[in-house]
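Subject: Handing over the structure

Hello,

Here is the structure I promised to pass on to you. Have a look at it first, and then read on for what I found.

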Amino acid sequence: MNVVIVGCGRVGAQLASLLDADGHKVTVLDIDAHSFRRLPPSFGGTALVGDGTDEEVQKKAGVGEADAFVAVTQGDNRNVMAAQIARNIFNVPKVLCRIYDPLRKDIYEALGIDAVSPTTVFAQLLRDKLLAT
Amino acid sequence: MYIIIIGGGSVGYNLCKALLREGHEVLVLDKDATKCESFEDELGSVCIRGDGCEVSTLAEAGVSRAEVFIAATDEDEDNLVACQVAKHKFGVPRTIARVNDPKNEQLFKKLGIDCPISVTNLILEHIEEKIPTHPLIHLLTMGEEKMEVVEVKILEGSTSVGKSIKELSLPPDSILALLIRNGQKPQVPTADTVLRANDRIIALTTTGSEEALQKELASN
């Protein structure tokens, strides 16, 4: 699978290295080259400096040919915008996006954006752990 | 009319002032407490502190009864999301977004924003008008139909000088609506009207035919 990941924070870098290790073709985009330090030395994919909410940058990063797109920058709105460009302009078949705000996540799910809210997921996880003891 | 503005920067501030003067009910949302205070001091209680992309803040602001929602921050992604939340969650009929990167104007349109406004493009158009040798000026764009109203100056030495309108091969979707000639009352040009240097023509055209129209009327 050909995957483009926007945002090379802890989650983005970890996901990139997992997919790379599984033999997928991975491209990571981040506005700050310093973020690429989080990628392991074994990483065989492409790391590009650029703004993932810029249509031109996405084009150069090969989003038009990607099978999947993941937006995991620190900003909910940036993720939403990047995901919508990938989905509506480049017609990427699978687009995933992180939205911290659970309410905003519900709105974008209704609009057809596949979103995950770490807030909800993590709160549930903590509750389950607490109740299990 | 109830109008909500996101972002209390200079665009938001001046917009709020103008809309209040016109008698509208206006509410500004800004994340910055100091900005909200200065609104309070100068314009009364028209500003609440909060994130204009957050559902709870928008609900508190009564967005569902707003007729117009304007996102005027200097971050394009925030303007996009604020407008989309207002439209899809609260059903605001008209969303207007300030577009900071001109490339995003078309994108916002595709993503459902009713009226994206690129500040850079607006400035460019105004500067164009001030350049005296530029023969074509955009006066008005009617977004949906891609129609525009333009003003064309017939410069000294243009090939159209001395020709009547019927002798020109104008693009079929362009109409010459008005002729303004120095010292005379504006007139509606007819097929027999002969063009002179320094005439000004107000024409209706389309984005696609604008260049052909300019070439026929004002090229040397």
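How many residues of chain B are in contact with chain A? Before I answer, please keep in mind that this is a predicted model. The count is 14 residues of chain B, which meet 17 residues of chain A. On the chain B side, helices α4 and α5 (104–110) each supply at least two of the residues that touch chain A. The largest share comes from α4(B), with six residues. By type, the side of chain B that touches chain A divides into seven nonpolar residues, six charged and one polar.

**Helix α4 of chain B**

Since α4(B) gives that largest share, let us look at this helix next. It covers residues 76–88 of chain B, and its end C-alpha atoms are 18 Å apart; this agrees with the expected span, because 13 residues at 1.5 Å a residue should also reach 18 Å. Twelve of the 13 residues are buried, so α4(B) is largely enclosed by the rest of the structure. Among them are B:Leu80, B:Val81 and B:Val85, but also B:Asp76, B:Glu77 and B:Lys87.

**A helix to look at in chain A**

In chain A, have a look at helix α3 (residues 76–89), which has 14 residues. From its first C-alpha to its last it reaches 19 Å, close to the 20 Å expected. This helix is mostly covered, with twelve of its 14 residues buried. The buried ones include A:Val80, A:Met81 and A:Ile85, as well as A:Arg78 and A:Arg87. After α3(A) comes A:Asn91, which has a positive phi, near 50 degrees.

**The two domains and two sheets of chain B**

The domain assignment of chain B gives domain 1 (2–122) and domain 2 (131–218). Taken over C-alpha atoms, the centres of these two domains are 37 Å apart.

One sheet of chain B is open and has six strands with parallel pairing, in the order β3-β2-β1-β4-β5-β6. Its edge strands are β3 (47–49) and β6 (115–118), each of which pairs on one side only. From one strand to the next, the twist averages 20 degrees. Within this sheet, β1 (residues 2–6) and β4 (residues 68–71) of chain B pair over four bridges, and B:Ile6 stands opposite B:Ala71 in β4(B).

Two helices lie across strands of this sheet. The α4(B) helix lies across β1, β4 and β5 (94–99) of chain B, at about 175 degrees to β5(B). Helix α6 (residues 119–130) of chain B lies across β5 and β6, at about 60 degrees to β6(B).

The other sheet is an open one of four strands in chain B, with antiparallel pairing and the order β7-β8-β10-β9. Why do β7 and β9 of chain B each have one side without a neighbour in the sheet? Both β7 (136–142) and β9 (175–180) stand at the edges with a single partner strand, so one side of each is left free of a neighbour there. Neighbouring strands of this sheet are turned by 20 degrees against each other on average, direction ignored. Six bridges join β7(B) to the antiparallel strand β8 (residues 147–153) of chain B, and B:Leu140 has B:Val149 of β8(B) as its bridge partner. Helix α7 (residues 210–218) of chain B packs on this sheet, where it touches β7, β8 and β10 (200–206); its direction makes about 20 degrees with that of β8(B).

Happy exploring, and best wishes!

Note on methods
Residues are numbered from 1 along each chain as its sequence is written. Chains are lettered from A and ligands numbered from 1 in the order in which they are written. This is a predicted model: local features need pLDDT of at least 70, side-chain atom pairs count only at pLDDT 80 or more; totals for chains, interfaces and linings use all residues. The expected span of a helix is 1.5 Å times one less than its number of residues. A residue is buried if 20 or more other C-beta atoms lie within 10 Å of its own, exposed if 12 or fewer, and partly exposed in between; C-beta atoms are placed from the backbone. Two residues are in contact if their C-beta atoms, placed from the backbone, lie within 7 Å. Ala, Val, Leu, Ile, Met, Phe, Trp, Tyr, Cys and Pro count as nonpolar, Asp, Glu, Lys and Arg as charged, and the others, Gly among them, as polar. Domain bounds come from an automatic or database domain assignment. Two strands pair if DSSP finds at least two bridges between them. Axes are lines fitted to C-alpha atoms, for helices over the stretch in contact, and angles run from 0 to 180 degrees between N-to-C directions.
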